[in-house]
Protein chains: 2
Amino acid sequence: MLTLERKALILETLNSEGRVVAKDLSQKLDLSEDTIRRDLRELAAEGLLQRVHGGALPASKALTDLPTRRKTAVSDKTAIAKVAAAMVKNGQIVFLDGGTTAVAVARALPLELNATAVTHSPDIAVALLDHPGIEIELVGGRIYKHSNVTVGAVAMEGIAHIRADIYFMGVTGVHPEQGLTTGSREEAAIKRSISRQSAETIVLASHEKLGAVSAYDVISLDQVDGIIVERNCAREFSDAMASKGVSLIKA
Amino acid sequence: MLTLERKALILETLNSEGRVVAKDLSQKLDLSEDTIRRDLRELAAEGLLQRVHGGALPASKALTDLPTRRKTAVSDKTAIAKVAAAMVKNGQIVFLDGGTTAVAVARALPLELNATAVTHSPDIAVALLDHPGIEIELVGGRIYKHSNVTVGAVAMEGIAHIRADIYFMGVTGVHPEQGLTTGSREEAAIKRSISRQSAETIVLASHEKLGAVSAYDVISLDQVDGIIVERNCAREFSDAMASKGVSLIKA
DNA sequence: TTCTTTCGTGCAATATCGTGCATAATCAAG
DNA sequence: CTTGATTATGCACGATATTGCACGAAAGAA
């Protein structure tokens, strides 16, 4: 990767996300943090951004309000996203669900990765657009507006013709007794279908999902191959899941 | 291989990929890196590209001005978009293809309208998300990243099962003699297919498209039912089209 | 406070660059 | 066809740029 290209990417990220973190950039670009820091220092010297401890902020202060709010919502999930992204290997076909956590996974995929991403979420497709090594396959169908994913017979049929290596599933509730649940019948059906077509099913469960139960069953706990939770996951929940034979992956 | 030919190839690669790397070029062309570097130096001396350590970038400035360009481009198209949006009646099925003009149409649809929008562009789907009365149907397939629309066999099949009342088609070139053209073979095929499935085909042509010709034919002028152009459309172009029996709709 | 993370600088290893020069290819005129 | 001139190409080598690591300083968090 060319230096100027990298700097342009940093500025672009800064524009779209409102801030950049040195460590994240070094992971994503597969470079040492020293190099990233050098870039940030040089960009700051040119007045193109404002250096802060840990990363950088836009040079102008005008736009900082909205992006920050949005960023905090997402940043809680970046730890889970990074662990998930690291599970994807070159050449694999990965299915990404809808939802903010899955978008975070999409953004966390290393730039040097070559893989195929299948998704029924337009948001995911857009998030992956400028990833050079990812081929994007979009599943068509009627858009379920509440979650912004495609559902219905057309989506089911589209999924039926795809086999993925790994599926990152987002759900509304993860409960030791009730299993995995979500808030819409159609989404539940889609998720079941995707899971059947995938060699591995990994659940992404940010803290507010733990112990929660929603209206519609998705699949039972013994059908998933892993659940990624935040590091500070409640001990009580962790033990309850362990007693069900489900081991959690802590981010 | 001739030197000039090689330089042309380098510039072409630079245009399509946004960058060139000296080592990659030397491997691809089976020449020493020295020769490539010489070429790059000479092209840089002519101002045709920007030399950087490791390769070269386009002569035009950084990517930072791209978002702004994109934004202004959209705002210029609102006049066309409003006229198009006003053509949609309650209960109709409308096909919107990719491109900034189509996004503008999506945004311009009256809030009280109830209709179904079919699209192969994730951008359009997202733009329509908070429109209460629009049912969104997304056509799946492989994402063609340059335009951010789905293409390929899957998309073609998805389109084959839908009949729309009206199709708003975006193109790269509208020419009195050459007809409608676009820059990618796959997109051209998709557009043809959509047009066949739609009762009416309306072309959205912002000023920079008028008189332009791109690489791939889409459909001939007598297959379209209307072309929406900006109000200040050149008289000369308007007359040339009229002599072909095509009447323009001025926004 | 103490501890952890991040920063900045110096330094060594590697990659890339530019120049000079020798060889090979191309071409025009005889 | 041959010859000489011009150009293109590859190689060598010193110069410069980039990167990662080490270590002490500084900033934040507990």
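This short talk walks through how two protein chains meet a DNA strand and each other in a predicted model.

Before I begin, residues are numbered from 1 along each chain as its sequence is written, and chains are lettered from A and ligands numbered from 1 in the order in which they are written. Since this is a predicted model, local features need pLDDT of at least 70 and side-chain atom pairs count only at pLDDT 80 or more, while totals for chains, interfaces and linings use all residues, and side-chain values use heavy atoms, with hydrogens and water left out.

Let me start with the DNA. DNA strand D is surrounded by 16 residues, the closest being A:Arg6, A:Thr35, A:Arg38, B:Arg6 and B:Thr35, where a residue is near a strand if one of its heavy atoms lies within 4 Å of it. Of the atoms of DNA strand D that come within 4 Å of the protein, sugar and phosphate account for 54%. Helices α1 (3–17) and α3 (33–45) of chain A, together with α1 (3–17) and α3 (33–45) of chain B, each supply at least two residues of this surface; helices here are DSSP runs of H or I with at least four residues, strands are runs of E with at least two, and both are numbered from the N terminus.

Which atoms of DNA strand D lie 2.9 Å from polar atoms of B:Thr35 and B:Arg38? For the side chain of B:Thr35 the partner is a phosphate oxygen, whereas for the side chain of B:Arg38 the partner is a base nitrogen. A polar backbone atom of B:Ser32 is also 2.9 Å from a phosphate oxygen of the strand.

Now to the two chains themselves. Here 30 residues of chain A are in contact with 34 residues of chain B, contact meaning heavy atoms within 4.5 Å. Between them the chains bury about 2,300 Å², 62% of it on carbon and sulfur atoms, buried area being the accessible area (1.4 Å probe) that two parts lose on being put together, summed over both. A:Leu2, A:Leu138 and A:Lys145 supply 27% of the area that chain A buries against chain B, more than any other three residues.

There are three salt bridges between chain A and chain B, each a side-chain nitrogen of Lys or Arg within 4 Å of a carboxyl oxygen of Asp or Glu. One of them joins B:Arg142 to A:Glu135 at 3.8 Å, N to O.

Finally, β7(A) runs antiparallel to strand β6 (residues 134–138) of chain B, joined by two bridges, and two strands pair if DSSP finds at least two bridges between them. In β6(B), B:Glu137 is the bridge partner of A:Arg142.

Technical notes: A polar contact is a pair of N or O atoms within 3.5 Å; within protein, one must be able to donate a hydrogen and the other to accept it, and residues adjacent in sequence count only if both atoms are side-chain atoms.
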